[in-house]
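Reader: I am new to this structure and would like to learn how to read it. Please take me through its features in turn.

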Amino acid sequence: MTLADGVWQQIFSFDNYGELLALVRNSLIVGAALGLVGGLAGVFVVMRDLPFAVHGISELSFAGASAALLLETNIVAGSIAGSLLAAGAIGILGARARDRNSVIGIIMPFGLGLGVLFLALYKGRAANKFGLLTGQIVAVDTPQTTWLLGTSALVLIALAAMWRPLAFASADPDVAEARGVPVRALSFAFMIVLGLAVALSVQIVGALLVLSLVVTPAAAAARITASPVLLPVLSVVFAVLSIEGGILLALGSSIPISPYVTTISFTVYAACRLAGTYRTRRWGAGKTASQPA
Amino acid sequence: MAFVPRARHGGTMSGAGTGGSDTAAVISLRGAALSYGERVVWRDLDLDVRPGEFLAVLGPNGAGKTSFVRALLGRQPLSAGELTVLGRPPRDAARHLGYVPQQAELSAQAMVRARDLVRFGIDGHRFGPRVRTGAVRRRVDEILASVGASAYADVPLGLLSGGERQRVRIGQALATDPRILLCDEPLLSLDLHHQQAVTELVDARRRSHGTAVVFVTHEINPVLGLVDRVLYLARGGHRVGTPEEVLTSHALSQLYGTQVDVVRVHGRVVVVGAPDGTAAPPHHPHDADRAHALHETDGVRP
């Protein structure tokens, strides 16, 4: 066997696939929920230009999860606590875009440092440590599943309730405020929702790669459509495709799930970008042609 | 704060509105003042805007034009005096006020189509799931047609030219059938052709519906023929009156406290010597170096 074959076998292996599939049933269910949450929250992350905030929140979420690991309590709860702390701080201290980035830049390394500290103190399985940063699939047990699905439901309900004014406030804050939309309250509320969504995503793809689930699918969808209906639908489809595809491909291999997820979502984005170039050209031309005399 | 006379105020030249005195004012300011801490932006402002009236708000940067807009929107409380919009506090009248904000780069420009922006104007402020009504969609189509934006209804804002975007903006502001149209520098960075198109849309609306227009602008000339009254804000005070009354060498010299000459050439007003050079040479309020942006043409895509 050549070296290349060996590497290939490590990356893609489908031995005993049926049995393995049963093991990750929970992960697949949670993955679908995360795809839905990440895809929808991502629409506003892109609209409001918040990718850096997502990254900052995920590092504190990681700190929370590793603290929970060290204290042997619920990891999902720890991760959510860390997320909410970060989201709240960013929401309060960084209401204006200019302040926001520095606040995130200050919070992020602090969170990461805390996380590293907790992990260094933790004496348990090394795989648990690594999983928080780069993702894990089999680790989702039943009580965790309940937590993850419950939080997903909460996020979905919150997003459904505030979708319209949030879209208005995100796209056109001046006029939204003039029309009486509570722009600041919505901005804070969305940070909290985003914190929850990020905490969920950390469980599967890991803290370092949350962006591939919360930003890339929505950014890809925005490349090919501006329809307020099609955009979130496509974003969710791309997110679910990335995460479920990632789980299924990672199943037989000894490699963490995240490279699969990130590669799929990046490929989708690249394809959408290409398609989007065509779209822009078509519109530019079509519009001039149909301009009323 | 000095006592506020109910009738005419001595300090300002309260020009007669063109609307008959029988119609109630849609905007009413009495002894209004606005200050940030120690710095008084304007004070003793008495003004009634009547239905169908076209009020231009002029003045140099820092004289309080933006604060005036914010006050009308209910986003900036007065430090003294009284302001009512349609007889109530401005915040309660928000629904009847169409607002065209200063052009700004929107972070989500590529994700919002012209028709979405208009639709926000209709039901964007409502919480809860959207009830799919064909009526709203038809209304959006109607509005887009009325401002001549149907051809690019489905194009993201980021791909529109400044003039096209401004048409859509006016459509959005008119979506709620407002009684007041508040436009903040709507002609900024538009070429002459588009300036004309935009002012015509605004003027048509006030003639057909009696909508009062408050038009904040650096450049009076594109709207000179339409303006009923001018509110000229300067650092030393303000003047209210018809363009003939306010845009004179005497009035502006008094306002600025220095010799200012107002020249009329071929129906255009040119102000010479005003500190900050306002009404005459068009310049960008944020960045004079971007003056070339004023000549954006239809073909330019951001």
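**Core, contact and confidence**

Author: Begin with the core of this predicted model. The largest nonpolar core has 181 residues, and A:Ala41, A:Val54, A:Leu194 and B:Val214 are those with the most contacts inside it. Helix H10 of chain A, residues 183-205, supplies the largest share of this core, 14 residues.

Reader: Which residues does A:Ala41 touch, leaving out those up to four places away in sequence?

Author: The general idea comes before the case. In soluble globular proteins, nonpolar side chains tend to be buried together. Here A:Ala41 touches A:Val155, A:Leu159, A:Val193, A:Leu194, A:Ala197 and A:Val214.

Reader: How many residues does each chain give to the contact?

Author: Chain A gives 32 residues and chain B gives 31 residues. On the side of chain A that touches chain B, the elements giving two or more residues are helices H3 (25-47), H8 (142-171), H9 (173-178) and H14 (258-289) of chain A. H8(A) gives the most to that side, with eight residues. By type, the side of chain A that touches chain B has 18 nonpolar, six polar and eight charged residues.

Reader: What is the mean pLDDT of chain B?

Author: pLDDT is the predictor's confidence in each residue. For chain B the mean is 82, and 83% of its residues reach 70 or more. Over residues 1-22 of chain B the pLDDT is below 50, and this stretch has 37 contacts in the model beyond near neighbours in sequence. Residues 277-302 of chain B also stay under 50, with 40 contacts beyond four places in sequence.

Reader: What ipTM and pTM does the model score?

Author: The scores are ipTM 0.83 and pTM 0.84.

How values were computed
Residues are numbered from 1 along each chain as its sequence is written. Chains are lettered from A and ligands numbered from 1 in the order in which they are written. This is a predicted model: local features need pLDDT of at least 70, side-chain atom pairs count only at pLDDT 80 or more; totals for chains, interfaces and linings use all residues. A nonpolar core is a set of buried Ala, Val, Leu, Ile, Met, Phe, Trp, Tyr and Cys residues joined through C-beta atoms within 7 Å. A residue is buried if 20 or more other C-beta atoms lie within 10 Å of its own, exposed if 12 or fewer, and partly exposed in between; C-beta atoms are placed from the backbone. Helices (H or I, at least four residues) and strands (E, at least two) are DSSP runs, numbered from the N terminus. Two residues are in contact if their C-beta atoms, placed from the backbone, lie within 7 Å. pLDDT is the predictor's confidence in each residue, from 0 to 100. Ala, Val, Leu, Ile, Met, Phe, Trp, Tyr, Cys and Pro count as nonpolar, Asp, Glu, Lys and Arg as charged, and the others, Gly among them, as polar.
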